[in-house]
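Biologist: Got a minute? I'd like to go through this model and hear the reasoning behind the labels.

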Amino acid sequence: MSSNEFHQNVHSLRALAIYSIVAGHVIEITPWPPGSIWPRLLSSLFEDGSVVFVFVAGYLFQHLHRRFRYFHYLRRKLSRVIVPYLIVAIPAIVLTLSSGNVAQHYPQLAGKPLVYQIGWMYLTGGSHVNFALWFIPMIAIFYVAAPLFSAMVRHPVAYWILLPLIVVSTLLHRVPYPSLAIIHMALYLLPAYIAGMWWSQFGSALTTRHVLSTTTLLAATVVVLALPWVASSHAGNYEEPGYFTFTAGVIDWLFLARLATAFLLLLVLARTPAWLSRRLTPFAATSFGVFFVHCYWLQLFVQFHNWVATPGILTWLLTTTTIFAASYWSVIAVDRLFPNAAGYLVGYFRPARRDDPVKGPVLVAG
């Protein structure tokens with residue numbers, strides 16, 4: 001297996017991860033018939049997709065570590081992630097502030113100057129219409145902490161910390177919507193980032209040796225995906241108002257399932273036909289841009305959801321496909337209109353070479 005083929009599976013995983021994130025968000029806004037099992041089943045399959053997204057980010061950090069220079073790294077993240085974030089969040093902040101009820105939702109902003117309110121929304125990320133942007137202030141913490149991760153790459157014995165960190169995350173759980181506790185979320189997703197680094201450093205041997213059969217891997221993936229469904233009656237993300245409050249249960253089975261799925265899917269995707277990888281490549285390349293804009297399309301659907309005549313699984317599937325496609329083509333449109341600025345507007349950078357897609361736009365999260 002060539003190096004390009006090996007890293008193509010990571011690129012493909014990025015495409016699946018962003019689709020999972022969009023699909024998980026659509027579950028929450030889709031009308032469902034009373035007593036339907038679909039919301040719980042789909043939640044166990046698609047929610048908490050940010051675990052996989054962060055796993056890939058950690059993988060790419062280690063993959064590119066040989067070129068790591070801290071201040072150069074920070075400058076790249078500033079231009080490829082932070083600047084697009086500052087721009088993409090503008091409509092969401094304007095819409096939220098113009099609603100006139102900001103203080104009602106966020107009492108801590110009552111009486112505060114407009115500049116303070118805008119700064120607070122940027123720092124929390126998820127406090128406005130584009131609620132998924134909490135991810136950017138959170139991942140920025142990892143960017144600042146890059147020297148610690150670099151030391152871990154150079155001293156692999158430090159990867160043993162991954163085991164207790166996974167235990168902590170399964171007990172910590174996510175914060176409720178809107179995700180404003182950025183440090184809490186960073187602690188929750190930290191083992192996913194380190195797990196991606198570890199796999200990048202040591203997992204290639206398992207990928208190239210075909211230790212397990214494709215059938216076994218597919219079966220294991222199905223079992224892991226079903227884990228949240230069979231292990232708990234809880235549906236969706238495990239969310240807690242504070243640290244270790246356990247109101248949603250003790251063990252976050254969804255976190256464990258997403259982390260295990262990331263490993264398994266990398267092995268499965270390494271064996272998929274080349275034509276499938278080629279089909280996934282455009283969506284992987286635009287994944288960060290899709291992440292940036294999909295909540296705007298999501299909010300547009302919410303405004304017109306009363307037009308939906310038939311609640312249920314078909315509505316969810318159609319809505320997910322429509323929002324994903326609209327987000328994808330929005331990123332492509334920005335790239336066509338502003339080919340030299342798309343990276344600063346929506347975080348989209350075209351691959352540097354056609355034969356090595358991992359060196360292109362996916363690096364924005366590395």
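Biologist: What makes Trp199 buried or exposed here?

Modeller: Buried means under 20% relative accessible area, exposed over 50%, and partly exposed in between, with a 1.4 Å probe and protein chains only. Trp199 has a relative accessible area of 4%, so it is buried. One caveat: this is a predicted model, where local features need pLDDT of at least 70, side-chain atom pairs count only at pLDDT 80 or more, and totals for chains, interfaces and linings use all residues. Residues are numbered from 1 along each chain as its sequence is written, and side-chain values use heavy atoms, leaving out hydrogens and water.

Biologist: And why is Trp198 called partly exposed?

Modeller: Its relative accessible area is 32%, and the class in between runs from 20% to 50%, so Trp198 is partly exposed.

Biologist: How many aromatic pairs are there, and what makes a pair?

Modeller: The count comes to 34. Rings of Phe, Tyr and Trp (its six-membered ring) pair if their centres lie within 6.5 Å; planes under 30 degrees apart are stacked, over 60 edge-to-face, and the rest tilted. Take Phe55 and Phe263: 5.1 Å centre to centre with 85 degrees between the planes, hence edge-to-face.

Biologist: What does that pair tie together?

Modeller: Phe55 sits in helix α3 (residues 50–63) and Phe263 in helix α13 (residues 253–269), so the pair joins parts 208 residues apart in sequence. Helices here are DSSP runs (H or I, at least four residues), numbered from the N terminus. Phe55, at 1% relative accessibility, counts as buried, and so does Phe263 at 18%.

Biologist: Why is the pair of Trp198 and Trp199 called tilted?

Modeller: The centres are 6.0 Å apart and the planes make 55 degrees, which falls between 30 and 60, so tilted it is.

Biologist: How do you know that Arg40 lies over the face of Trp229?

Modeller: A charge sits over a ring if NZ of Lys or CZ of Arg is within 6 Å of the ring centre and within 35 degrees of the ring normal. Arg40 is at 4.3 Å from the ring centre of Trp229. Lys112 lies over the face of Tyr116 too, at 5.3 Å.

Biologist: What makes α7 largely enclosed?

Modeller: 8 of its 10 residues are buried, so the rest of the structure largely encloses α7. Among the buried ones are Phe135, Met138 and Tyr143. Ile141, also in α7 (residues 135–144), is partly exposed at 33%.

Conventions
Helix = DSSP H or I, 4+ residues; strand = E, 2+ residues; numbered from the N terminus.
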